[in-house]
Amino acid sequence: MQLIGVYFISTMKTSLTSNFTTNMNNQADVLAGFAADKLNARTEKPGEDGQAGEDDLSSLVRNLFSINEAEIQLIDASGKVLATSLSIHQEYVGKKNTTLAVSRALQGIRDNEEEIIDEDNVRKKIIAKPVLYESKIVGAVYMVASMKELYATVNRINRIFMSGMLIALGLTGVLGILLAHTITSPIKGLTRQAAAVAEGRFDRQVPVHGDDEIGRLSEVFNNMTMRLREALETNEEEKDKLASILANMSDGVVATDEQGVVMIANRRAREMLQSDCQGRPLSELFDMEERHLQAMLGGGGESSTVIHRQHPDEELDEVMRVTFTPIHRRDKGISGAIAVLQDVTEQEKLEQSRREFVANVSHELRTPLTTIKSYTEALDDGAMDDRELAQRFVSVIRNETERMIRLVTDLLHLSRLDSNQAPLRRQSTSVPEMLEEVADRFSFQMRKKSIRSTVRVEDGIKHVLLDRDQIDQVLDNLVSNAIKYTLDGGRIEIVASRPDPSSIAIRVKDTGIGISRKDLSRIFDRFYRVDKARSRNMGGTGLGLSIAREIVKAHGGTIALDSEPNEGTTVTVTLPALQEGGAAS
(Lines give C-alpha, C1' and ligand atoms only; values in the text may rest on other atoms or scores of the structure.)
Protein backbone atom coordinates (compact mmCIF):
# COMPACT_ATOMS: atom_id res chain seq x y z
CA MET A 1 0.00 0.00 0.00
CA GLN A 2 2.86 2.38 0.68
CA LEU A 3 4.42 1.77 -2.72
CA ILE A 4 1.06 2.05 -4.51
CA GLY A 5 0.22 5.19 -2.51
CA VAL A 6 3.48 6.91 -3.39
CA TYR A 7 3.02 6.12 -7.08
CA PHE A 8 -0.66 7.12 -7.11
CA ILE A 9 -0.17 10.38 -5.22
CA SER A 10 2.81 11.32 -7.39
CA THR A 11 0.79 10.65 -10.56
CA MET A 12 -2.28 12.46 -9.25
CA LYS A 13 -0.22 15.48 -8.18
CA THR A 14 1.34 15.67 -11.63
CA SER A 15 -2.09 15.41 -13.26
CA LEU A 16 -3.69 18.08 -11.05
CA THR A 17 -0.78 20.44 -11.57
CA SER A 18 -0.95 19.90 -15.33
CA ASN A 19 -4.74 20.53 -15.41
CA PHE A 20 -4.33 23.61 -13.24
CA THR A 21 -1.66 25.03 -15.55
CA THR A 22 -3.65 24.17 -18.67
CA ASN A 23 -6.76 25.93 -17.29
CA MET A 24 -4.74 29.06 -16.55
CA ASN A 25 -3.20 29.01 -20.02
CA ASN A 26 -6.60 28.59 -21.66
CA GLN A 27 -8.15 31.49 -19.73
CA ALA A 28 -5.08 33.62 -20.45
CA ASP A 29 -5.47 32.89 -24.18
CA VAL A 30 -9.19 33.69 -24.15
CA LEU A 31 -8.60 36.91 -22.22
CA ALA A 32 -5.85 37.89 -24.63
CA GLY A 33 -8.25 37.37 -27.53
CA PHE A 34 -10.98 39.56 -25.97
CA ALA A 35 -8.57 42.31 -24.93
CA ALA A 36 -6.62 42.49 -28.20
CA ASP A 37 -9.03 44.96 -29.92
CA LYS A 38 -9.22 47.27 -26.93
CA LEU A 39 -5.50 47.27 -26.35
CA ASN A 40 -4.86 47.92 -30.06
CA ALA A 41 -7.32 50.79 -30.08
CA ARG A 42 -5.74 52.24 -26.97
CA THR A 43 -2.34 51.98 -28.60
CA GLU A 44 -3.37 53.69 -31.85
CA LYS A 45 -5.62 56.40 -30.19
CA PRO A 46 -4.20 56.86 -26.72
CA GLY A 47 -6.13 60.08 -26.00
CA GLU A 48 -9.69 59.03 -26.97
CA ASP A 49 -12.02 57.84 -24.22
CA GLY A 50 -9.11 56.37 -22.09
CA GLN A 51 -11.05 56.15 -18.84
CA ALA A 52 -13.99 54.30 -20.41
CA GLY A 53 -11.62 51.76 -21.98
CA GLU A 54 -9.93 51.03 -18.69
CA ASP A 55 -13.27 50.50 -16.98
CA ASP A 56 -14.33 48.08 -19.67
CA LEU A 57 -11.10 46.12 -19.27
CA SER A 58 -11.46 46.04 -15.46
CA SER A 59 -15.04 44.79 -15.73
CA LEU A 60 -13.95 42.14 -18.22
CA VAL A 61 -11.16 40.90 -15.97
CA ARG A 62 -13.29 40.85 -12.77
CA ASN A 63 -16.48 39.36 -14.13
CA LEU A 64 -15.65 37.08 -17.02
CA PHE A 65 -12.24 35.69 -16.01
CA SER A 66 -12.10 34.92 -12.33
CA ILE A 67 -10.07 32.10 -10.76
CA ASN A 68 -10.35 31.35 -7.05
CA GLU A 69 -7.67 33.23 -5.09
CA ALA A 70 -6.10 34.42 -8.35
CA GLU A 71 -5.10 37.82 -9.69
CA ILE A 72 -5.36 38.70 -13.39
CA GLN A 73 -3.71 41.81 -14.79
CA LEU A 74 -3.98 43.34 -18.26
CA ILE A 75 -0.86 45.17 -19.23
CA ASP A 76 -0.32 47.46 -22.22
CA ALA A 77 2.67 47.38 -24.54
CA SER A 78 4.68 49.65 -22.26
CA GLY A 79 4.26 47.35 -19.27
CA LYS A 80 1.72 49.55 -17.43
CA VAL A 81 -1.09 47.76 -15.58
CA LEU A 82 -4.47 48.67 -17.13
CA ALA A 83 -6.73 46.41 -15.05
CA THR A 84 -6.55 43.92 -12.19
CA SER A 85 -9.05 41.37 -10.90
CA LEU A 86 -8.37 42.10 -7.21
CA SER A 87 -9.89 45.22 -5.77
CA ILE A 88 -7.23 45.41 -3.10
CA HIS A 89 -4.60 45.82 -5.78
CA GLN A 90 -6.30 48.75 -7.61
CA GLU A 91 -3.35 50.90 -6.72
CA TYR A 92 -1.31 48.81 -9.19
CA VAL A 93 -3.36 50.27 -12.07
CA GLY A 94 -1.31 52.81 -13.99
CA LYS A 95 1.95 51.44 -12.66
CA LYS A 96 4.39 49.31 -14.52
CA ASN A 97 4.70 45.55 -13.88
CA THR A 98 8.44 44.88 -13.96
CA THR A 99 8.40 41.15 -13.38
CA LEU A 100 10.57 38.98 -15.59
CA ALA A 101 7.59 37.03 -16.90
CA VAL A 102 5.88 40.22 -18.10
CA SER A 103 9.06 41.46 -19.72
CA ARG A 104 9.43 38.17 -21.59
CA ALA A 105 5.76 38.22 -22.66
CA LEU A 106 6.07 41.77 -24.05
CA GLN A 107 9.02 40.51 -26.04
CA GLY A 108 6.77 37.93 -27.70
CA ILE A 109 7.79 34.88 -25.64
CA ARG A 110 4.68 32.79 -24.93
CA ASP A 111 6.08 30.16 -22.52
CA ASN A 112 6.38 32.15 -19.31
CA GLU A 113 5.47 29.95 -16.34
CA GLU A 114 6.93 29.66 -12.85
CA GLU A 115 6.00 28.61 -9.32
CA ILE A 116 6.76 30.77 -6.31
CA ILE A 117 6.18 30.69 -2.56
CA ASP A 118 5.09 34.06 -1.23
CA GLU A 119 5.71 35.60 2.14
CA ASP A 120 2.65 33.81 3.57
CA ASN A 121 4.23 30.44 2.61
CA VAL A 122 1.60 29.90 -0.11
CA ARG A 123 2.66 28.25 -3.35
CA LYS A 124 1.46 30.20 -6.44
CA LYS A 125 1.56 29.74 -10.18
CA ILE A 126 2.54 32.67 -12.46
CA ILE A 127 1.71 32.82 -16.18
CA ALA A 128 2.35 35.71 -18.57
CA LYS A 129 0.98 35.72 -22.16
CA PRO A 130 1.57 38.27 -24.89
CA VAL A 131 -1.56 39.89 -26.43
CA LEU A 132 -1.27 40.00 -30.22
CA TYR A 133 -3.28 42.02 -32.70
CA GLU A 134 -2.46 41.09 -36.26
CA SER A 135 0.98 39.76 -35.17
CA LYS A 136 1.70 42.93 -33.25
CA ILE A 137 2.26 42.84 -29.48
CA VAL A 138 -0.21 45.28 -28.00
CA GLY A 139 0.04 44.12 -24.38
CA ALA A 140 0.19 41.15 -22.03
CA VAL A 141 -1.95 39.07 -19.71
CA TYR A 142 -0.41 38.41 -16.26
CA MET A 143 -2.01 35.77 -14.01
CA VAL A 144 -1.02 34.76 -10.46
CA ALA A 145 -3.08 31.83 -9.06
CA SER A 146 -2.80 30.14 -5.66
CA MET A 147 -2.20 26.38 -5.66
CA LYS A 148 -3.35 26.01 -2.07
CA GLU A 149 -6.46 23.99 -2.90
CA LEU A 150 -4.51 21.69 -5.21
CA TYR A 151 -2.02 20.79 -2.47
CA ALA A 152 -4.81 20.52 0.05
CA THR A 153 -6.41 17.90 -2.18
CA VAL A 154 -3.11 16.02 -2.36
CA ASN A 155 -2.79 16.11 1.44
CA ARG A 156 -6.32 14.75 1.89
CA ILE A 157 -5.50 11.83 -0.39
CA ASN A 158 -2.32 11.23 1.62
CA ARG A 159 -4.34 11.05 4.82
CA ILE A 160 -6.76 8.65 3.19
CA PHE A 161 -3.95 6.32 2.19
CA MET A 162 -2.35 6.58 5.66
CA SER A 163 -5.61 5.72 7.34
CA GLY A 164 -6.11 2.79 5.02
CA MET A 165 -2.59 1.55 5.73
CA LEU A 166 -3.11 1.76 9.50
CA ILE A 167 -6.39 -0.13 9.22
CA ALA A 168 -4.67 -2.77 7.10
CA LEU A 169 -1.88 -3.07 9.66
CA GLY A 170 -4.41 -3.52 12.45
CA LEU A 171 -6.23 -6.25 10.53
CA THR A 172 -2.88 -7.90 9.73
CA GLY A 173 -1.96 -7.87 13.43
CA VAL A 174 -5.23 -9.53 14.40
CA LEU A 175 -4.87 -12.14 11.69
CA GLY A 176 -1.20 -12.65 12.68
CA ILE A 177 -2.16 -13.33 16.30
CA LEU A 178 -4.77 -15.85 15.22
CA LEU A 179 -2.37 -17.53 12.81
CA ALA A 180 0.52 -17.49 15.32
CA HIS A 181 -1.69 -19.24 17.88
CA THR A 182 -2.16 -22.13 15.49
CA ILE A 183 1.64 -22.40 15.20
CA THR A 184 2.71 -21.73 18.80
CA SER A 185 0.38 -24.30 20.32
CA PRO A 186 2.19 -27.27 18.69
CA ILE A 187 5.53 -25.60 19.35
CA LYS A 188 4.70 -25.38 23.06
CA GLY A 189 4.05 -29.11 22.96
CA LEU A 190 7.47 -29.61 21.33
CA THR A 191 9.04 -27.44 24.03
CA ARG A 192 7.55 -29.54 26.80
CA GLN A 193 8.77 -32.70 25.12
CA ALA A 194 12.26 -31.21 24.70
CA ALA A 195 12.35 -30.40 28.43
CA ALA A 196 11.34 -34.00 29.20
CA VAL A 197 14.11 -35.32 26.93
CA ALA A 198 16.61 -33.03 28.66
CA GLU A 199 15.59 -34.63 31.98
CA GLY A 200 16.18 -38.09 30.53
CA ARG A 201 12.59 -39.16 29.86
CA PHE A 202 12.54 -40.66 26.37
CA ASP A 203 9.25 -42.57 26.62
CA ARG A 204 7.00 -39.67 25.65
CA GLN A 205 6.03 -38.78 22.06
CA VAL A 206 4.90 -35.46 20.58
CA PRO A 207 1.38 -35.72 19.07
CA VAL A 208 1.26 -35.15 15.30
CA HIS A 209 -1.85 -33.08 14.35
CA GLY A 210 -1.36 -32.79 10.62
CA ASP A 211 0.84 -33.10 7.57
CA ASP A 212 1.99 -29.48 7.52
CA GLU A 213 5.42 -28.17 8.50
CA ILE A 214 4.64 -28.37 12.23
CA GLY A 215 3.43 -31.93 11.81
CA ARG A 216 6.60 -32.92 9.97
CA LEU A 217 8.64 -31.17 12.65
CA SER A 218 6.86 -33.25 15.32
CA GLU A 219 7.63 -36.45 13.42
CA VAL A 220 11.30 -35.48 13.07
CA PHE A 221 11.47 -34.64 16.78
CA ASN A 222 10.01 -38.01 17.74
CA ASN A 223 12.55 -39.70 15.47
CA MET A 224 15.36 -37.64 17.04
CA THR A 225 14.20 -38.70 20.53
CA MET A 226 14.38 -42.34 19.57
CA ARG A 227 17.85 -41.96 18.03
CA LEU A 228 19.07 -40.00 21.05
CA ARG A 229 17.92 -42.81 23.34
CA GLU A 230 19.80 -45.33 21.19
CA ALA A 231 22.89 -43.08 21.19
CA LEU A 232 22.87 -42.80 24.98
CA GLU A 233 22.57 -46.56 25.32
CA THR A 234 25.51 -46.96 22.95
CA ASN A 235 27.43 -44.36 24.94
CA GLU A 236 26.88 -46.32 28.14
CA GLU A 237 28.18 -49.45 26.45
CA GLU A 238 31.26 -47.58 25.18
CA LYS A 239 31.80 -46.16 28.65
CA ASP A 240 31.83 -49.66 30.11
CA LYS A 241 34.26 -50.80 27.42
CA LEU A 242 36.52 -47.82 28.10
CA ALA A 243 36.50 -48.55 31.81
CA SER A 244 37.49 -52.16 31.09
CA ILE A 245 40.30 -51.04 28.77
CA LEU A 246 41.63 -48.54 31.32
CA ALA A 247 41.58 -51.16 34.04
CA ASN A 248 43.69 -53.58 31.98
CA MET A 249 46.16 -51.15 30.36
CA SER A 250 49.88 -51.65 30.90
CA ASP A 251 50.31 -47.86 31.16
CA GLY A 252 48.90 -45.80 33.95
CA VAL A 253 46.21 -43.25 33.13
CA VAL A 254 45.15 -40.36 35.37
CA ALA A 255 42.40 -37.86 34.47
CA THR A 256 41.82 -34.55 36.28
CA ASP A 257 39.21 -31.81 36.29
CA GLU A 258 39.84 -28.16 35.47
CA GLN A 259 41.16 -27.60 39.02
CA GLY A 260 43.85 -30.27 38.58
CA VAL A 261 42.24 -32.70 41.02
CA VAL A 262 42.34 -36.37 40.05
CA MET A 263 38.95 -37.77 39.05
CA ILE A 264 39.90 -41.11 37.48
CA ALA A 265 42.97 -43.33 37.87
CA ASN A 266 43.27 -46.86 36.55
CA ARG A 267 44.74 -49.81 38.44
CA ARG A 268 48.15 -49.56 36.78
CA ALA A 269 48.50 -45.89 37.77
CA ARG A 270 47.75 -46.70 41.40
CA GLU A 271 50.36 -49.47 41.33
CA MET A 272 53.02 -47.25 39.79
CA LEU A 273 52.34 -44.33 42.14
CA GLN A 274 51.68 -46.63 45.13
CA SER A 275 48.90 -44.35 46.19
CA ASP A 276 45.15 -43.92 46.03
CA CYS A 277 45.10 -41.09 43.49
CA GLN A 278 41.43 -40.17 43.77
CA GLY A 279 40.85 -36.59 44.94
CA ARG A 280 44.54 -35.61 45.11
CA PRO A 281 46.00 -32.65 43.22
CA LEU A 282 48.10 -33.62 40.20
CA SER A 283 51.05 -31.52 41.38
CA GLU A 284 51.12 -33.34 44.72
CA LEU A 285 50.75 -36.73 43.04
CA PHE A 286 53.85 -36.22 40.86
CA ASP A 287 55.71 -34.00 43.35
CA MET A 288 55.86 -31.14 40.84
CA GLU A 289 55.57 -27.41 41.30
CA GLU A 290 52.14 -26.08 40.44
CA ARG A 291 53.70 -23.39 38.26
CA HIS A 292 55.67 -25.94 36.24
CA LEU A 293 52.60 -28.13 35.80
CA GLN A 294 50.44 -25.21 34.63
CA ALA A 295 53.13 -24.15 32.16
CA MET A 296 53.14 -27.65 30.63
CA LEU A 297 49.35 -27.80 30.38
CA GLY A 298 49.04 -24.23 29.13
CA GLY A 299 50.93 -24.95 25.92
CA GLY A 300 47.78 -26.30 24.28
CA GLY A 301 49.33 -29.57 23.09
CA GLU A 302 51.02 -32.64 24.44
CA SER A 303 53.98 -32.24 26.77
CA SER A 304 55.99 -34.84 28.60
CA THR A 305 58.43 -35.02 31.46
CA VAL A 306 60.47 -37.70 33.18
CA ILE A 307 59.96 -38.35 36.89
CA HIS A 308 62.45 -40.24 39.06
CA ARG A 309 60.99 -42.01 42.07
CA GLN A 310 63.41 -43.52 44.58
CA HIS A 311 62.40 -46.61 46.53
CA PRO A 312 64.24 -47.37 49.80
CA ASP A 313 64.46 -51.08 49.03
CA GLU A 314 65.82 -50.64 45.51
CA GLU A 315 69.25 -49.42 44.42
CA LEU A 316 68.10 -47.81 41.16
CA ASP A 317 65.50 -45.08 40.80
CA GLU A 318 62.26 -45.89 39.05
CA VAL A 319 61.93 -43.72 35.97
CA MET A 320 58.49 -42.80 34.69
CA ARG A 321 57.66 -40.81 31.59
CA VAL A 322 54.49 -38.77 32.12
CA THR A 323 52.71 -37.36 29.06
CA PHE A 324 50.25 -34.55 29.80
CA THR A 325 47.44 -33.81 27.38
CA PRO A 326 44.97 -30.98 28.14
CA ILE A 327 41.29 -31.67 27.55
CA HIS A 328 39.71 -28.92 25.45
CA ARG A 329 36.02 -28.21 25.29
CA ARG A 330 34.46 -25.97 22.69
CA ASP A 331 34.09 -22.38 23.92
CA LYS A 332 35.27 -23.42 27.42
CA GLY A 333 39.01 -23.66 27.03
CA ILE A 334 40.88 -26.28 29.07
CA SER A 335 38.48 -28.30 31.21
CA GLY A 336 40.93 -30.89 32.53
CA ALA A 337 43.96 -32.98 31.68
CA ILE A 338 44.99 -36.57 31.07
CA ALA A 339 48.33 -37.93 32.29
CA VAL A 340 49.68 -41.17 30.81
CA LEU A 341 52.38 -42.90 32.91
CA GLN A 342 54.94 -45.21 31.31
CA ASP A 343 57.58 -47.17 33.20
CA VAL A 344 60.74 -46.43 31.21
CA THR A 345 63.31 -47.59 33.77
CA GLU A 346 64.69 -50.31 31.53
CA GLN A 347 64.57 -48.03 28.51
CA GLU A 348 66.54 -45.39 30.39
CA LYS A 349 69.18 -47.97 31.30
CA LEU A 350 69.51 -49.01 27.68
CA GLU A 351 69.53 -45.38 26.56
CA GLN A 352 72.25 -44.56 29.08
CA SER A 353 74.38 -47.41 27.77
CA ARG A 354 73.80 -46.24 24.23
CA ARG A 355 74.74 -42.67 25.12
CA GLU A 356 77.92 -43.85 26.81
CA PHE A 357 78.88 -45.86 23.78
CA VAL A 358 78.18 -42.98 21.37
CA ALA A 359 80.09 -40.60 23.63
CA ASN A 360 83.08 -42.92 23.66
CA VAL A 361 83.09 -43.22 19.90
CA SER A 362 82.71 -39.48 19.37
CA HIS A 363 85.43 -38.58 21.84
CA GLU A 364 88.00 -41.05 20.65
CA LEU A 365 87.53 -40.31 16.96
CA ARG A 366 87.57 -36.56 17.32
CA THR A 367 91.32 -36.11 17.88
CA PRO A 368 92.52 -38.17 14.89
CA LEU A 369 89.94 -36.53 12.68
CA THR A 370 91.15 -33.13 13.80
CA THR A 371 94.73 -34.10 13.05
CA ILE A 372 93.83 -35.39 9.62
CA LYS A 373 91.86 -32.23 8.89
CA SER A 374 94.75 -30.04 10.03
CA TYR A 375 97.33 -31.80 7.87
CA THR A 376 94.95 -31.90 4.92
CA GLU A 377 94.42 -28.16 5.18
CA ALA A 378 98.18 -27.68 5.44
CA LEU A 379 98.66 -29.70 2.26
CA ASP A 380 95.91 -27.68 0.57
CA ASP A 381 97.51 -24.42 1.72
CA GLY A 382 100.79 -25.18 -0.07
CA ALA A 383 102.66 -27.85 1.86
CA MET A 384 102.00 -30.19 -1.07
CA ASP A 385 104.61 -28.27 -3.08
CA ASP A 386 107.29 -29.33 -0.57
CA ARG A 387 107.65 -33.03 -1.45
CA GLU A 388 109.41 -34.02 1.72
CA LEU A 389 106.97 -32.14 3.94
CA ALA A 390 104.03 -33.40 1.91
CA GLN A 391 105.14 -37.01 2.28
CA ARG A 392 105.46 -36.49 6.01
CA PHE A 393 101.98 -35.05 6.23
CA VAL A 394 100.53 -37.85 4.12
CA SER A 395 102.25 -40.37 6.33
CA VAL A 396 100.74 -38.78 9.42
CA ILE A 397 97.31 -38.75 7.80
CA ARG A 398 97.68 -42.41 6.86
CA ASN A 399 98.77 -43.27 10.39
CA GLU A 400 95.88 -41.35 11.91
CA THR A 401 93.41 -43.03 9.58
CA GLU A 402 94.71 -46.41 10.50
CA ARG A 403 94.59 -45.47 14.16
CA MET A 404 90.97 -44.42 13.82
CA ILE A 405 90.19 -47.82 12.41
CA ARG A 406 92.01 -49.40 15.32
CA LEU A 407 90.22 -47.12 17.77
CA VAL A 408 86.84 -48.20 16.51
CA THR A 409 87.89 -51.79 17.04
CA ASP A 410 89.44 -50.98 20.40
CA LEU A 411 86.27 -49.36 21.73
CA LEU A 412 84.73 -52.78 21.95
CA HIS A 413 87.98 -54.04 23.43
CA LEU A 414 87.87 -51.29 26.09
CA SER A 415 84.42 -52.36 27.15
CA ARG A 416 85.94 -55.75 27.85
CA LEU A 417 88.75 -54.20 29.86
CA ASP A 418 86.27 -53.40 32.62
CA SER A 419 85.67 -57.10 33.08
CA ASN A 420 89.30 -58.09 32.46
CA GLN A 421 88.34 -60.13 29.46
CA ALA A 422 90.56 -58.40 26.88
CA PRO A 423 94.30 -59.15 26.88
CA LEU A 424 96.76 -56.32 26.19
CA ARG A 425 98.74 -56.32 22.95
CA ARG A 426 102.08 -55.38 24.45
CA GLN A 427 104.97 -54.59 22.19
CA SER A 428 108.37 -53.05 22.60
CA THR A 429 107.84 -49.31 22.29
CA SER A 430 110.36 -46.49 22.13
CA VAL A 431 109.28 -44.01 24.78
CA PRO A 432 111.11 -40.97 23.25
CA GLU A 433 109.67 -41.71 19.83
CA MET A 434 106.17 -42.16 21.28
CA LEU A 435 106.29 -38.85 23.12
CA GLU A 436 107.71 -37.00 20.10
CA GLU A 437 104.90 -38.35 17.93
CA VAL A 438 102.32 -37.23 20.47
CA ALA A 439 103.73 -33.70 20.40
CA ASP A 440 103.91 -33.80 16.61
CA ARG A 441 100.24 -34.82 16.28
CA PHE A 442 99.18 -31.77 18.24
CA SER A 443 101.70 -29.31 16.87
CA PHE A 444 99.20 -27.66 14.60
CA GLN A 445 96.67 -27.05 17.40
CA MET A 446 99.40 -25.72 19.68
CA ARG A 447 100.68 -23.34 17.01
CA LYS A 448 97.16 -21.97 16.57
CA LYS A 449 97.09 -21.03 20.26
CA SER A 450 100.77 -20.05 20.40
CA ILE A 451 101.41 -22.77 22.99
CA ARG A 452 105.03 -23.87 23.48
CA SER A 453 105.61 -27.57 23.96
CA THR A 454 108.56 -29.37 25.52
CA VAL A 455 109.34 -33.10 25.42
CA ARG A 456 111.92 -34.44 27.89
CA VAL A 457 112.95 -38.03 28.44
CA GLU A 458 115.42 -38.91 31.20
CA ASP A 459 118.52 -40.84 30.31
CA GLY A 460 118.19 -44.56 30.38
CA ILE A 461 114.56 -44.66 29.28
CA LYS A 462 114.36 -46.32 25.87
CA HIS A 463 112.04 -49.24 25.24
CA VAL A 464 109.27 -50.66 27.38
CA LEU A 465 106.61 -53.27 26.77
CA LEU A 466 103.15 -51.72 26.52
CA ASP A 467 100.10 -51.55 24.31
CA ARG A 468 101.16 -48.66 22.07
CA ASP A 469 97.73 -47.84 20.69
CA GLN A 470 96.11 -47.69 24.08
CA ILE A 471 98.90 -45.64 25.66
CA ASP A 472 98.76 -43.31 22.64
CA GLN A 473 95.09 -42.97 23.35
CA VAL A 474 95.85 -42.02 26.98
CA LEU A 475 98.52 -39.50 26.00
CA ASP A 476 96.38 -38.01 23.22
CA ASN A 477 93.61 -37.46 25.71
CA LEU A 478 95.90 -35.83 28.27
CA VAL A 479 97.59 -33.53 25.72
CA SER A 480 94.26 -32.66 24.10
CA ASN A 481 92.83 -31.66 27.49
CA ALA A 482 95.95 -29.64 28.25
CA ILE A 483 95.57 -27.70 24.98
CA LYS A 484 91.86 -27.09 25.58
CA TYR A 485 92.32 -25.59 29.03
CA THR A 486 95.54 -23.69 28.41
CA LEU A 487 95.22 -20.07 27.38
CA ASP A 488 97.00 -18.65 24.34
CA GLY A 489 100.72 -18.29 24.87
CA GLY A 490 100.89 -21.03 27.54
CA ARG A 491 103.25 -23.94 27.90
CA ILE A 492 102.88 -27.74 27.92
CA GLU A 493 105.55 -30.16 29.09
CA ILE A 494 105.66 -33.91 28.37
CA VAL A 495 108.24 -35.57 30.62
CA ALA A 496 109.18 -39.21 31.01
CA SER A 497 111.05 -40.17 34.21
CA ARG A 498 111.84 -43.23 36.28
CA PRO A 499 110.62 -42.89 39.88
CA ASP A 500 112.05 -46.38 40.64
CA PRO A 501 113.78 -49.13 38.63
CA SER A 502 110.57 -51.08 38.07
CA SER A 503 108.34 -48.31 36.74
CA ILE A 504 108.24 -45.41 34.39
CA ALA A 505 106.28 -42.16 34.91
CA ILE A 506 104.99 -39.95 32.10
CA ARG A 507 103.85 -36.48 33.16
CA VAL A 508 101.80 -34.04 31.09
CA LYS A 509 102.02 -30.61 32.69
CA ASP A 510 100.28 -27.44 31.47
CA THR A 511 99.91 -23.84 32.61
CA GLY A 512 96.13 -23.83 32.09
CA ILE A 513 93.18 -22.78 34.21
CA GLY A 514 93.52 -25.70 36.61
CA ILE A 515 90.91 -27.61 38.60
CA SER A 516 89.50 -26.83 42.04
CA ARG A 517 90.23 -29.26 44.86
CA LYS A 518 86.59 -30.19 45.35
CA ASP A 519 86.53 -31.64 41.82
CA LEU A 520 89.78 -33.62 42.04
CA SER A 521 88.19 -36.58 43.83
CA ARG A 522 85.68 -37.09 41.02
CA ILE A 523 87.71 -36.07 38.00
CA PHE A 524 88.16 -39.66 36.82
CA ASP A 525 84.48 -40.53 37.14
CA ARG A 526 82.81 -41.28 33.88
CA PHE A 527 80.91 -38.40 32.33
CA TYR A 528 82.01 -36.05 35.08
CA ARG A 529 82.79 -32.55 33.87
CA VAL A 530 84.24 -29.74 35.94
CA ASP A 531 82.78 -27.05 33.67
CA LYS A 532 79.93 -28.64 31.76
CA ALA A 533 79.22 -25.73 29.43
CA ARG A 534 82.88 -25.21 28.55
CA SER A 535 83.47 -28.93 28.11
CA ARG A 536 80.55 -29.30 25.73
CA ASN A 537 81.57 -26.24 23.72
CA MET A 538 85.01 -27.73 23.33
CA GLY A 539 83.66 -31.13 22.36
CA GLY A 540 84.44 -32.97 25.61
CA THR A 541 82.30 -35.90 26.71
CA GLY A 542 83.58 -36.54 30.22
CA LEU A 543 84.84 -40.02 29.25
CA GLY A 544 88.45 -39.33 28.36
CA LEU A 545 90.04 -39.55 31.81
CA SER A 546 87.92 -42.49 32.89
CA ILE A 547 88.96 -44.42 29.75
CA ALA A 548 92.58 -43.44 30.38
CA ARG A 549 92.31 -44.76 33.94
CA GLU A 550 90.93 -48.09 32.73
CA ILE A 551 93.74 -48.46 30.17
CA VAL A 552 96.42 -47.59 32.70
CA LYS A 553 94.83 -49.94 35.22
CA ALA A 554 94.84 -52.71 32.61
CA HIS A 555 98.60 -52.15 32.22
CA GLY A 556 99.01 -52.53 35.93
CA GLY A 557 99.78 -48.86 36.46
CA THR A 558 98.22 -45.82 38.11
CA ILE A 559 97.16 -42.37 37.03
CA ALA A 560 97.11 -39.33 39.28
CA LEU A 561 96.16 -35.69 38.81
CA ASP A 562 97.43 -32.67 40.69
CA SER A 563 96.09 -29.20 40.01
CA GLU A 564 95.60 -25.71 41.42
CA PRO A 565 93.17 -23.15 39.99
CA ASN A 566 94.88 -20.73 37.59
CA GLU A 567 98.25 -22.45 38.14
CA GLY A 568 97.99 -25.43 35.81
CA THR A 569 97.49 -29.16 35.96
CA THR A 570 99.87 -32.11 36.08
CA VAL A 571 98.73 -35.60 35.17
CA THR A 572 101.12 -38.43 36.02
CA VAL A 573 100.82 -41.88 34.44
CA THR A 574 102.91 -44.56 36.16
CA LEU A 575 103.46 -47.80 34.21
CA PRO A 576 105.48 -50.93 34.91
CA ALA A 577 108.81 -50.68 33.08
CA LEU A 578 108.68 -54.10 31.46
CA GLN A 579 111.24 -55.12 28.87
CA GLU A 580 111.63 -58.07 26.60
CA GLY A 581 113.61 -60.64 28.53
CA GLY A 582 112.36 -59.24 31.87
CA ALA A 583 114.89 -56.38 32.35
CA ALA A 584 113.88 -52.76 32.61
CA SER A 585 115.58 -50.18 30.45
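**Nonpolar cores and helix α4**

In this predicted model, the largest nonpolar core comprises 39 residues, of which Leu 435 and Leu 561 touch the most other members. At least two residues of this core are supplied by each of α11 (431-441), β13 (463-466), α13 (468-484), β14 (491-500), β15 (503-510), α16 (544-554), β16 (558-564) and β17 (568-576). Helix α13 provides the largest share, 7 residues. When neighbours within four places in sequence are left aside, the contacts of Leu 435 are Val 455, Arg 456, Val 457, Leu 475, Ile 494, Ala 496 and Ile 506. Another core, of 28 residues, lies apart from this one and includes Met 12, Phe 20, Ala 28 and Ala 36.

Helix α4 spans residues 148-198, a run of 51 residues. The distance from its first C-alpha to its last is 69 Å, close to the 75 Å expected at 1.5 Å a residue. The helix carries a kink of about 25°, centred on His 181. Directly after α4, Gly 200 adopts a positive phi of about 95°.

The buried residues of α4 include Leu 150, Val 154, Ile 157 and Met 165. Pro 186, Gly 189, Leu 190, Gln 193, Ala 196 and Val 197 of this helix are buried as well. The elements covering the buried residues of α4 include α1 (2-44) and α5 (213-247).

Terms used:
Residues numbered from 1 in each chain as written. Predicted model: local features only at pLDDT ≥ 70, side-chain atom pairs only at ≥ 80, totals over all residues. Heavy atoms only, no water. Helix = DSSP H or I, 4+ residues; strand = E, 2+ residues; numbered from the N terminus. Expected span 1.5 Å × (residues − 1). Bend = angle between axes of the 7 residues up to and from the residue. Buried < 20%, exposed > 50% of the residue type's maximum accessible area, 1.4 Å probe, protein only. Contact = heavy atoms within 4.5 Å. Core = buried A, V, L, I, M, F, W, Y, C linked by side-chain atoms within 4.5 Å.
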